[in-house]
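This report covers strand pairing, helix packing, cysteines and salt bridges, in that order.

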Amino acid sequence: MAKNEIRNILLITADQWRADCLSSAGHLVQTPNLDKLAADGLAFRKHFTQCLPCGPSRTSLLTSMYAMNHRHVQNGTPLDANFTNIAKEARKQGYDPILYGYTDTPADPRGRAESDPDLLTYAGVMPGFRVGSLVSEELAIDWFGQLEREGIRLPENQFDITIGSPDYPGAKARGHAYAPPGYGKENSDTAFIADKLVDFIKVYRQPWFVHGVFLRPHPPLFAPEPYNSMYDPSDVALPHRAETVGKEQRQHPYLEQALEKMAESGNYMGHEYNVRDLPDHEIQQMRAAYYGLISEVDDQLGRVIQTLKDTDQYDNTLIIFTSDHAEQLGDHWLWGKLGYFDESCHIPLIIRDPRKEADASRGQTVESHFTEAVDIMPTVLDLIDGTVPMQCDGHSLRCFLEGEQPEKWRSEVHWEYDFRDLKNFSLEQKFDLTSDQCVMTIIRDDSYKYVHFTALPPLLFDLKKDPEESLDLAKDPEHFEVVLRYAQKMLSWRQNYAARGMSHMQITTQGMINRQYSRI
């Protein structure tokens, strides 16, 4: 195979990475290696995930399905085994997809005994991937084993190794998140995954498909030295939010409840205190630690990309960098990923296509078109001459990579968030909802964001006048027409993308009709 053709596929995701957190996007955080990748590829600035949290968002990425179709709506909700995915389809083209990291794919329980260990974890693996090494927020045996070999003693709760000690010099004055975890940068989970990727790239000789997943900058927000001190918290902007929690809560009943829950101790992983009401210096330090974790991932990605170059594989490898979802980071008094705000769902996407046809787009950015996580699978299959299954809700980005404008493209993005609580039914009881009514669907374009709740009031934001989404206009009589228009657009979207099943097929006396067509 000649250079500048696609031989290998490297699909990288980093967990909980905001779209604005790239230095090439003008942010404080330093990401020189991703900047170089963007300069040699194509960056998509209006890219969004489809659902929250980790498991559901990864399912949309890897199956090219909206949540309303795949129904993996929460971590632990089983995924129907009948669906295909990017790994299964790549196998049809001769690839043996291998995973370093995790996909958080709960097993389909049908036909399994209740005692099956796969039904005790949400950290299963998407079918079709061969496992190289697993490191997730629930399972990290390989990494923990390496820490033990390096003489780093694990605490009784092994994952507490990721939490910084409050006794670290300067942590009390600067902020708790200034303390590094119980390992150095050479032994972090980020370095561990990068080491595995580097070793694979050096040794494997056949065309390959690798899905590398970095857990960071997912919390706990404690970065190893020197990344813990890389960003001065005094240089870090405070979150944008209402003057008080109470004023923020008045926006919507859902937000009122979410902010009440946010004040519970231990609600934000690894931070066993109320993160909602922290003093400003603690908030700035947490944000600084988040940026440090991002720079650590960028450095390790630089090693991986350099290995591709050193082994003469860079010009035959399709490289995709993205995230599963983003992070509130204190905006609107929220931490983590939830709800309808852009901070939770606007994510990065950089694609480096090695083909000569992609030279026309190198170093450019897609600023005028919305793209979605469901577009990744069709793009990869299109570029390796695979068939895009009718299951897919996304669309190939090939035309953008080849420097062309699509004749027809979406004018908005959509995402969904299911906030049911199957353990405690707290929200259902508070709002007198059924579990299936605990869902919101969001449509967002350049002008407005409309949020539809099944059995709660809707929301409308004028994004041109109110980009921080602070003023709900849904009840404003002057905006009734806008609410109606966007509700109708959302209904049309759902009708257009409803699970297709076999509706594109027809049995006739002349034989089976199987029509292939796009839904854009």
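A hairpin of five residues joins β14 to β15 in this predicted model. Strand β14 (residues 448-453) and β15 run antiparallel, and four bridges join them. Within that pairing, Y448 stands opposite D462 of β15. In a regular strand, side chains alternate between the two faces of the sheet. In strand β15 (residues 459-462), L459 and F461 point one way, L460 and D462 point the other way, and all are buried.

Eight strands make up an open sheet with mixed pairing, in the order β6-β5-β7-β1-β8-β9-β2-β10. Its edge strands, β6 (130-134) and β10 (364-366), each pair on one side only. From one strand to the next, the twist averages 15°. Strands pair through backbone hydrogen bonds, in either the parallel or the antiparallel sense. Strand β1 (residues 8-14) pairs with strand β8 (residues 317-323) in the parallel sense, over seven bridges. Here I12 has F321 of β8 as its bridge partner.

Helix α12 packs on this sheet, where it touches β1, β8 and β9, and its direction makes about 180° with that of β8. Helix α1 (residues 32-39) lies across β2 (42-44), β8 and β9 (349-352), and runs at about 55° to β9.

A search for disulfides over the whole structure finds zero. C21 is in no disulfide, since its nearest cysteine sulfur, that of C345, is 15 Å away, against a cut-off of 2.5 Å. C21 is buried, with a relative accessible area of 1%. C345 is likewise in no disulfide; the nearest cysteine sulfur to it is that of C51, 8.5 Å away. C345 also counts as buried, at 0% relative accessibility.

Side chains of opposite charge can pair when their charged atoms come close. The structure holds 39 salt bridges, among them the three in the table.

| Salt bridge | Closest N to O distance |
|---|---|
| R91 and D96 | 2.9 Å |
| E357 and R355 | 3.7 Å |
| D382 and R398 | 3.2 Å |

The D382 and R398 salt bridge links distant parts of the chain: D382 lies in helix α12 (residues 376-383) and R398 in helix α13 (residues 398-401), with the two residues 16 apart. D382 has a relative accessible area of 25%, so it is partly exposed. R398 also counts as partly exposed, because its relative accessibility is 25%.

How exposed are the partners in the other two pairs? R91 is partly exposed at 37% relative accessibility, and D96 is partly exposed at 26%. E357 is partly exposed, with a relative accessible area of 46%, whereas R355 is buried at 7%. The cut-off matters for R355, because buried means under 20% relative accessible area.

Which residues are linked with R355 and D382 in a network of salt bridges? The network links D353, R355, E357, D382, R398 and E402. It therefore includes the E357 and R355 pair as well as D382 and R398, and D382 belongs to helix α12, the helix that touches β1, β8 and β9 of the sheet.

Notes
Residues are numbered from 1 along each chain as its sequence is written. This is a predicted model: local features need pLDDT of at least 70, side-chain atom pairs count only at pLDDT 80 or more; totals for chains, interfaces and linings use all residues. Side-chain values use heavy atoms; hydrogens and water are left out. A salt bridge is a side-chain nitrogen of Lys or Arg within 4 Å of a carboxyl oxygen of Asp or Glu. Buried means under 20% relative accessible area, exposed over 50%, partly exposed in between (1.4 Å probe, protein chains only). Two strands pair if DSSP finds at least two bridges between them. Axes are lines fitted to C-alpha atoms, for helices over the stretch in contact, and angles run from 0 to 180 degrees between N-to-C directions. Contact means heavy atoms within 4.5 Å.
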